[in-house]
Amino acid sequence: MQTEDARYLKRKVKGGNIDVHPTEKALIVQYEVEATILGEMGDPMLGERKECQKIIRLKSLNANTDIASLARKVVEECKLIHPSKLAEVEQLLYYLQNRRHTPSGREKKEKKPSKPKDPPPFEGMEIDEVANINDIDDYVELLYEDIPEKVRGSALILQLARNPDNLEELLQNETALGALARVLREDWKQSVELATTIIYIFFCFSSFSQFHGLITHYKIGALCMNIIEHELKRYDLWQEELLKKKKAYLREDDSDNQNLKKEYEKAYKKYQGLVMKQEQLLRVALYLLLNLAEDTRTELKMRNKNIVHMLVKTLERDNFELLILVMSFLKKLSIFMENKNDMAEMDIIEKLAKLVPCEHEDLLNITLRLLLNLSFDTGLRNKMVQVGLLPKLTTLICNENHKQIAMCILYHISMDDRFKSMFAYTDCIPQLMKMLFECAEERMEAELISFCINLAANKRNAQLICEGNGLKMLMKRALKLKDPLLMKMIRNISQHDGPTKNLFIDYVGDLAAQISPDEEEEFVIECLGTLANLTIPDLDWELVLKEYNLVPYLKDRLKPGSAEDDLILEVVIMIGTVSMDDSCAAMLAKSGIIPALIELLNAEQEDDEFVCQIVYVFYQMVFHQATRDVIIKETQAPAYLIDLMHDKNAEIRKVCDNTLDIIAEYDEEWAKKIQSEKFRWHNSQWLEMVENRQMDEAEPFMYGDDGIEPFIHENDILERPDLFYSADGIIPSDGVISPEFFNDFHVQNGDMVGQHPFTSSAGVDGFGQTAAVPGRPATAYGYRPDEQFYYGYGSR
């Protein structure tokens, strides 16, 4: 189309939807502009349509504003809104007037920081001349002159590059870009201003992903890495020289001291000027590299060139804007294990600890976010505690801007049992309790309740939580909201012996009332777990079971597949706890729970947790006279226990041995079977060895001229015990010996064991406790609360 052919330009504006601004007190008006070029005859020759929006800010809008008057004024003054939409405008204004205040972008940046700010204008950019895109060739000519002209030319090109609209045109000018890359490569050591300005030009391109290929083409990224490395070495030299001059004037007498002091002060001022220019250069170069690191392949190349070491070294600076940029870069890199390991080698935690807390909110926020990434590593968590970050982070829980991140880091630290007790020496627990109780009538933040669950697993922390009305308030809230996570915290508190556990006596009825098919399963699991932890001698479990009719519920849940495995397991553990009481054990035995447990044992025989807890119930049952006969004479439980006596799981073996020892003491028939099985087992390895040696043709006469084949394959090997023992007088020559031989002294599971502990019903059980309070084996959920070892440093 020839220009003279276009006679008329027709512009048409069409109004669209009106909506409210998401954060500000403003209306957003959508409209469409259609521009058409008409020919001589009035027919359209070229047309373009563009969607636009206009924001109408309502600064005067407040609670007392007359909405009707304001709506009329908006419609009158904004031609894009048709008068017919007056009612809609009124409705939107009314919504804005009553909308709750949401934090603006500035207020939100502490919580979710945006990208670091663009580098500000600096010395070398600030020239009076205004650049023009049409004069780009003249600016390129300046790049072939001396350093001052090169600085001026690059500063003018930078003015153009800072306007994104010019980047496409600059991209087409290969001469200009090639000249800039050449000057940077050749002259960067001669002028910091020149290097900073040219890198800034390429930084403007790096802000847009589509231009990253251009920067890679000219190898600007690699050059920036070399420049940063060089500048960091220069910084170290400056510091050394400055330190020498300081030491010199401190050493000298008063006569020479004044001259040396003046010389030091002069050198210090020069040093400050050099550092300021250097930090401008570092900031622009690092920001360019951060933009390029969007591509993980490019990031890997940077890592191979030691970018992590450079960044960690830069943390020694005091420039807040530079530190924010460095932290952002480190945070991005820290998600990869190799980079995280490099940071650990450079003792990054010690450097970060100096910045917590810090006056600059943005810097503190990004530092905490980096610490959060690093806190997934156990070794670095240990380092955080060693450098004293625990109390510092605890104080930040009260700061609304940093509360969530600080709590996440503390949650990670609280996962290590060694550090749980340290929280008792800060004001962390009172603050957390206050937050818990200030939460509205809804489920609380996951970070808060998870942190509390971890802390409650420590005895001292649990005592602090229960101080005052702590437990009462927790129980009241958990029962009201039916919150399984809050109940899990209460369950952890209930694990600990001492005065804390006795506080739960008042809530046994409330907890038992929750054990019902109608309640949410997760909540019931935690309630059952809490009750199962209450191994209190004075607690009348028989009354609890009868009053809340729990026996039918417990029996029904023992059926395989009747509920989730977690719930069934808690039911088994609960039965083990209540079976400590004679009358409860008898009541459960009469209800038919033992056959149900045997059926469950068959179904879950591959699950060590189930097996261990079911065997523990049998242990409790045989412990009481009232139920011992039922177990021994009316069920096949002893036979199952004999089968499990040599299980691979040490905990199962221990419970089985203790249970079988009681059975052997009170029933002679089973005692013989048990002892025979032990006798057979303890010699099975020797038998296996004998068979293996017989099969070895290389040593046919190891046992003398008499072969052993007849004894192994034709007769019962147990009839020839002289094969198994040396002729040292331990066994009579006729081989007569009974399994009772092993009662007084035998090897059990690789340990030398004396007589079994159950010499009488009032003895000490296999868990090192008195028979009156039998111990419960540890569960996968946590630890056995009455085992003192677990309270020690480095438990679990």
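Me: What do buried, exposed and partly exposed stand for in this predicted model?
Reply: Buried means under 20% relative accessible area, exposed means over 50%, and partly exposed is in between. The model is a predicted one.

Me: Why is Glu24 called partly exposed?
Reply: Glu24 has a relative accessibility of 32%. Partly exposed covers values between 20% and 50%, so Glu24 counts as partly exposed.

Me: What makes Glu24 and Arg57 a salt bridge?
Reply: A salt bridge needs a side-chain nitrogen of Lys or Arg within 4 Å of a carboxyl oxygen of Asp or Glu. For Glu24 and Arg57 the N to O distance is 3.0 Å, so the pair meets the cut-off. Glu24 sits in the loop between β1 (8-20) and β2 (26-38) and Arg57 in strand β3 (residues 44-57), so the bridge ties together parts that are 33 residues apart in sequence. Arg57 is partly exposed, at 47%.

Me: How do you know that Lys277 and Glu193 form a salt bridge?
Reply: The closest N and O atoms of Lys277 and Glu193 are 2.9 Å apart, and the limit is 4 Å, so the pair counts as a salt bridge. Lys277 belongs to helix α11 (residues 254-292) and Glu193 to helix α8 (residues 192-206), so parts that are 84 residues apart in sequence are tied together.

Me: Why is Glu193 called buried and Lys277 partly exposed?
Reply: Glu193 has 18% relative accessibility, which is under 20%, so Glu193 counts as buried. Lys277 has 26%, in between 20% and 50%, so Lys277 counts as partly exposed.

Me: What makes Glu279 and Arg317 a salt bridge, and are the two residues buried or exposed?
Reply: Their closest N and O atoms are 3.6 Å apart, which is within 4 Å, so they form a salt bridge. Glu279 is in helix α11 and Arg317 in the loop between α13 (307-314) and α14 (320-333), so the pair ties together parts that are 38 residues apart in sequence. Glu279 has 10% relative accessibility and counts as buried; Arg317 has 3% and counts as buried.

Me: How many salt bridges does the structure hold, and which residues are linked in a network?
Reply: The structure holds 24 salt bridges. Lys488, Arg491, Glu526 and Glu570 are linked in a network of them.

Me: What makes the phi of Asp347 and of Asn549 worth noting?
Reply: Most residues other than glycine have a negative phi. Asp347 has a phi near 55 degrees, and Asn549 has a phi near 50 degrees. Asp347 is in the loop between α15 (337-345) and α16, and Asn549 is in the loop between α30 (541-547) and α31 (550-557).

Me: Why is Asn549 called exposed and Asp347 partly exposed?
Reply: Asn549 has a relative accessible area of 52%, which is over 50%, so Asn549 is exposed. Asp347 has 35%, in between the two limits, so Asp347 is partly exposed.

Me: Which residues does the cis peptide bond join, and where does Pro357 lie?
Reply: The cis bond joins Val356 and Pro357, with omega about -10 degrees. Most peptide bonds are trans. Pro357 lies in the loop between α16 (348-353) and α17 (361-374).

Me: Why is Asp657 called buried?
Reply: Asp657, in helix α38 (residues 650-666), has 4% relative accessibility, which is under 20%, so Asp657 counts as buried.

Notes:
Residues are numbered from 1 along each chain as its sequence is written. This is a predicted model: local features need pLDDT of at least 70, side-chain atom pairs count only at pLDDT 80 or more; totals for chains, interfaces and linings use all residues. Side-chain values use heavy atoms; hydrogens and water are left out. Helices (H or I, at least four residues) and strands (E, at least two) are DSSP runs, numbered from the N terminus. Buried means under 20% relative accessible area, exposed over 50%, partly exposed in between (1.4 Å probe, protein chains only).
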